[in-house]
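Biologist: Please take one part of this predicted model and go through it closely for a first-year student. I would like to hear about the pocket, and then the metal site.

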Amino acid sequence: MLRRAVAVELEATKELNKLLYSVETMYLNIVREVVAYAVEHNVTNPTQLHRLFYSKYRQEYPSLNSQLVIQAIRQSSEIAKSFIEKKRRGLVNKPYPEVKAVSIRFVETTWNYEQFTSSTAPVRITISLPGGRREVWLRLHKRFWQYWWRVLTGEAELAGTLIVKRRLNKWYAVFIFEVKPREAKPQSVVSFDINENTVAVGRVDLPSTVDRVAGWNRRYLMPQLYSIRTDFGKLARRYEAIRNAITEGLKPLYALPNGKYVNIMNTREFRKRVKHLRERGRKIGRVRHVANELTKTPSIIITEDLGENPQESMINGIGRDELRHRLKQTPFKSIEKAVEDKALESGSKLFHVSAYRNSRVCPIHFARLEETDDWHTLQCPLGHLVDRDYASVMNMFWKLTPEAWAKGVWWNLKSEEMNWKAREGDSNPIIPHPIVQYLHATLKEFTASFEQSPAVLARGNPMNPARGANEGWARKPPTPHKAGRRPAPNYTQG
Ligand SMILES: [Zn+2]
């Protein structure tokens, strides 16, 4: 089950605003006090805390709904638990957690859940506040209706607990939808590869029935290769320039008598100015765009196994600070995570293949590719050029087929060492065998047709006009997979 939270702004009148603030204050007080106690005495069991504090706060805050008191104590237990756990792992230095904000939880009985869910188009909620139930209008938006439609069609359920929280001076109701992962027939096989400024994509559309192996129409047997612009590297560079300008501008304000400066990046003024840049927000928007694009239709999605910390493995051997910084800014993991998450929702399945030699081998001839003057283009010893990104996504396709084992180029294994027949049935639980066969046939057909149009693997238009920028080396190098691989390419070239 997937959970999706959708925040909807409340139509808050002056009176309601006052009530919500008063509830928030009481709720926050309870959480702060109980958390402090729980951490100090190492009592985090919610039942125990309830026994200790419930009647105290019922007396102290008679206007607060009893369920809200219960929820506040329960929330304290969770906060205390996670704080103690973090402390145990040495991640915090403070003696107590600082509770700055709370999400007020209204359980099923403290708002009009029943009535809300039985409506086809709910537009308001009723919540228990001091003085009784209040009706609150919602500022509903498209995203809410999208999930609501799923509730109506039985694809999702609305959770019973409603969260009310404040952000700056606005109040929001957060609805939790439990979405059933879709079971869908894959319509395509997609492989993708994340680079600094683009995400390279290979797509093979599956015919409606892949079982009829013999009847395939050849014109459909062509993988599409394209890339999605993300410009994470450029974004990072631009923001870095802006940050530097802010630092320069603030320097006169923070000059010390000895001519040196305090660390401007730690100042309040700097943080205030940087906050308005919305760098994170822009990045998240682009990450989502990539995830949506890749999961548009239910697909089998193939990507490289990035390992725990792809940035670190890429940074090894890269000297210049600026580039290290940019690489850190490329959200490899978050793209992968967003795709994984979206994949479940759209009925797609994600499959990881080893990154070994993905962009080192010609996907047509399986020969080792040589570097050219242009980082994006590689030379096949059989006399044609290959775009590095296309090689990478094509080779990921190959890795799903028996060819991967037979050719042995991606695994330092001889084909006879690999008992392919024995593996056929169980080697690949995610991808049905007919699809593997179809993919294999497509790749074979592509390889055969290659002699007529050899330019197909070398991009007509450079993906990135600034070819001299050398941003190419800000990519993931092949990770060591088996002994005997050749030394890592020289990532420090200027
Ligand atoms: Zn070749």
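Modeller: A pocket here is an open set of grid points with protein on both sides within 12 Å along at least five of seven lines. The largest pocket in this predicted model has a volume of about 1,000 Å³. Its lining is made up of 30 residues. Nearest its centre lie Arg4, Arg143, Ile284, Arg288 and Asp341. Several elements give two or more residues to this lining. The strands are strand 1 (2-10), strand 6 (162-167) and strand 7 (170-179). The helices are helix 5 (142-152), helix 8 (279-294) and helix 11 (332-346). What classes of residue line the pocket? The lining has 15 charged, ten nonpolar and five polar residues.

Now the metal site. The zinc ion is held by four donor atoms: SG of Cys362, ND1 of His365, SG of Cys380 and NE2 of His384. They coordinate the zinc ion at 2.0 to 2.3 Å. Why is the arrangement tetrahedral? The four donor atoms subtend angles of 102 to 118° around the zinc ion, and that makes it so. Along the sequence, the donor residues follow the spacing C-x2-H-x14-C-x3-H. The two histidines link distant parts of the chain, 19 residues apart. His365 sits in the loop between strand 12 (349-353) and strand 13 (370-371), while His384 belongs to strand 15 (residues 384-387). Are these histidines buried or exposed? His384 counts as buried because its relative accessibility is 8%, and the cut-off is under 20%. His365 has a relative accessible area of 25%, so this residue is partly exposed.

Methods: Residues are numbered from 1 along each chain as its sequence is written. This is a predicted model: local features need pLDDT of at least 70, side-chain atom pairs count only at pLDDT 80 or more; totals for chains, interfaces and linings use all residues. Side-chain values use heavy atoms; hydrogens and water are left out. On a 1 Å grid over the protein atoms alone, a cavity is a set of points where a 1.4 Å probe fits but cannot get out, and a pocket is an open set with protein on both sides within 12 Å along at least five of seven lines; lining residues have an atom within 4 Å of a point. Grid points are joined across faces, edges and corners, and a volume is the space filled by probe spheres set on the points. Helices (H or I, at least four residues) and strands (E, at least two) are DSSP runs, numbered from the N terminus. Ala, Val, Leu, Ile, Met, Phe, Trp, Tyr, Cys and Pro count as nonpolar, Asp, Glu, Lys and Arg as charged, and the others, Gly among them, as polar. Donors are N, O and S atoms within 2.8 Å of the metal (3.2 Å for Na, K and Ca); water is not among the atoms, so sites may look incomplete. Four donors count as tetrahedral if all angles lie between 85 and 135 degrees; four count as square planar and six as octahedral if opposite donors are over 155 degrees apart and all others between 65 and 115; anything else is irregular. Buried means under 20% relative accessible area, exposed over 50%, partly exposed in between (1.4 Å probe, protein chains only).
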